[in-house]
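Please open the structure in your viewer and keep the selection panel at hand. The tour below goes from one selection to the next and says what is to be found at each stop.

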Amino acid sequence: MSVQSDSKVNNFTFLLTGFPGLEQEYPWLSIPFSCIYAMVLSGNCLVLHVIRTEPSLHQPMFYFLAMLALTDLCMGLSTVHTVLGILWGLSQEIGLDACIAQTFFVHGLSCMESGVLLAMAFDRFTAICNPLRYTSILTNTRIINMGMAIVGRSFLFITAPIVRLKFFHYCHPHILSHSFCLHQDLLRLACSDIRFNSFYVLALVICTLLLDSVLILISYVLILHSVLTIASREECFKSLQTCVSHICAVLVFYVPIIGLTMVHRFGKHLSPVVHVLMGNIYILFPPLMNPIIYGVKTQQIRSRFQRWFTKQN
C-alpha cells in the first residue's frame with residue numbers, strides 16, 4: 001500500500017459539475033431541487049417525529065424505519081450545500097478536505113442504508129416465518145446492537161481508503177463529474193498508486209452492498225415459501241402486504257445504484273448531463289421516496305398522519 005513520496009498533503013480546490021450546457025437554466029432548476037430537498041428533510045423529520053411521539057409505533061419494525069429515515073435525512077444534509085450551492089450560483093468549488101469529508105459520508109450512509117434494509121428484511125422474515133418468537137428475538141437490546149453494528153460496518157471499513165485520498169497527488173484537471181464528491185471520481189483525477197483503493201473498495205462493495213442484496217433476496221424467498229404454505233388466501237395476501245413497503249424501499253435504493261454503476265462503467269459516450277442526473281437520482285431518490293412509501297403503505301403511520309393533520313386543521 002504505497003503512496004508516492006511526492007504525494008504530500010494537497011490543498012487543492014475541485015470544481016463540481018452542475019448540468020453542463022444548462023447554466024442559464026440554473027435559477028429555474030434550483031426551484032425543483034430546492035423543493036425536493038425540502039421534501040427530503042421535512043418528510044424524514046416527520047417520520048422520525050411520528051415514531052418518537054406515537055407509543056403504538058414503538059416496535060422493532062418502526063425502530064428500523066426510524067434508522068432508515070435518519071440515514072436518509074443525513075444523506076440529504078451531506079449533499080444539500082454543494083448541489084444547491086451550484087444551482088443558486090453561490091459556489092462551484094470545493095476544497096480537498098471538504099470533498100473527502102463529503103465522500104466519507106455519502107459512501108458511509110449508502111452502506112448504512114443497505115445494512116438497515118437488510119435488518120428490515122430480517123424483521124419481516126422473523127415476523128412472518130417465526131411470529132411466536134418475534135418479540136423474544138427482536139428485543140430492544142438486540143435492535144440497539146444491530147444498529148451499532150450497522151453504523152460500525154458502514155463507517156469503520158471505509159476509513160482507510162478515504163483517508164488515503166488526502167495523500168494522493170491529483171495531476172489531472174480538477175473537474176469532478178457530479179455536483180458532490182464520490183470516491184471513484186477522486187480516483188479518476190489521481191496520479192498516485194490507486195490500486196489499493198480500487199481493489200479494497202471493490203471488495204468492500206461485494207461484502208456489503210452485494211452481500212446485503214443477496215441476503216435480502218434469500219429472506220424473501222424464505223418468506224414466500226412460508227407464505228405459500230398458508231391455507232387461507234386472505235392470510236397469505238395479508239402477510240405479503242406487510243412486505244410491500246420494504247420491497248419498494250429496496251428497489252428505490254438498489255435500482256439507482258445499479259443505474260449509476262452502469263453509467264460510470266459503460267456510459268463514457270453519454271452526455272455529462274446524464275452522469276450528473278444519475279448521480280442526483282442516486283442521492284435524492286431514496287430519501288425522497290422512502291417517507292412517501294411508508295406514509296402511504298403503512299397503515300399505522302398513515303393513520304397517525306391523518307390524526308395529526310386533522311388536529312392541525
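Begin by selecting Ala 66, which has its place in helix H2, and bear in mind throughout that this is a predicted model. Ala 66 is buried, its relative accessible area being 18%, which falls under the 20% cut-off used for that word. Once neighbours within four places in sequence are left aside, Ala 66 is in contact with Leu 48 and Ile 51; if you draw a distance between the C-alpha atoms of Ala 66 and Ile 51, you should find 7.0 Å, although the two residues are 15 apart along the chain.

Next, select helix H1, residues 26-53, whose 28 residues reach 40 Å from the first C-alpha to the last, close to the 40 Å expected. Among its buried residues are Val 47 and Ile 51, and both of these reappear when you select Leu 65, which, leaving aside its neighbours within four places, is in contact with Val 47, Ile 51, Met 120, Tyr 294 and Ile 301.

From Leu 65, widen the view to the largest nonpolar core, which has 82 residues and in which Leu 65, Leu 117, Tyr 170 and Leu 176 touch the most other members. Helix H2 gives the most to this core, with 14 residues.

Now move to helix H5, residues 140-156, where 17 residues span 24 Å between the first and last C-alpha atoms, close to the expected 24 Å. Its buried residues include Ile 143, Met 146, Ile 150 and Arg 153, and the elements that cover the buried residues of H5 include helices H2, H3, H6 and H8.

Keep Arg 153 selected and add Asp 212, since the side chains of these two meet in a salt bridge at 2.7 Å, N to O. Arg 153 lies in helix H5 and Asp 212 in helix H8, so the pair ties together parts that are 59 residues apart in sequence. Arg 153 is buried at 19% relative accessible area, and Asp 212 is likewise buried, at 1%.

The whole structure holds five salt bridges, and another to select is that between Asp 185 and Arg 188, at 3.1 Å, N to O. These two residues are three apart in helix H7, and therefore separated by about one helical turn; Asp 185 is buried, at 1%, whereas Arg 188 is partly exposed, at 44%.

Finish on helix H8 with Leu 215, which is partly exposed with a relative accessible area of 36%. Leu 215 belongs to a nonpolar surface patch of about 660 Å², whose other members include Leu 202, Ile 206 and Leu 222.

Technical notes. Residues numbered from 1 in each chain as written. Predicted model: local features only at pLDDT ≥ 70, side-chain atom pairs only at ≥ 80, totals over all residues. Heavy atoms only, no water. Helix = DSSP H or I, 4+ residues; strand = E, 2+ residues; numbered from the N terminus. Expected span 1.5 Å × (residues − 1). Buried < 20%, exposed > 50% of the residue type's maximum accessible area, 1.4 Å probe, protein only. Contact = heavy atoms within 4.5 Å. Core = buried A, V, L, I, M, F, W, Y, C linked by side-chain atoms within 4.5 Å. Patch = residues over 30% accessible without salt bridge, like charges linked within 9 Å, V, L, I, M, F, W, Y side chains within 5 Å. Areas by Shrake-Rupley, 256 points an atom, 1.4 Å probe, with all protein chains shown as cover. Salt bridge = Lys/Arg side-chain N within 4 Å of Asp/Glu carboxyl O.
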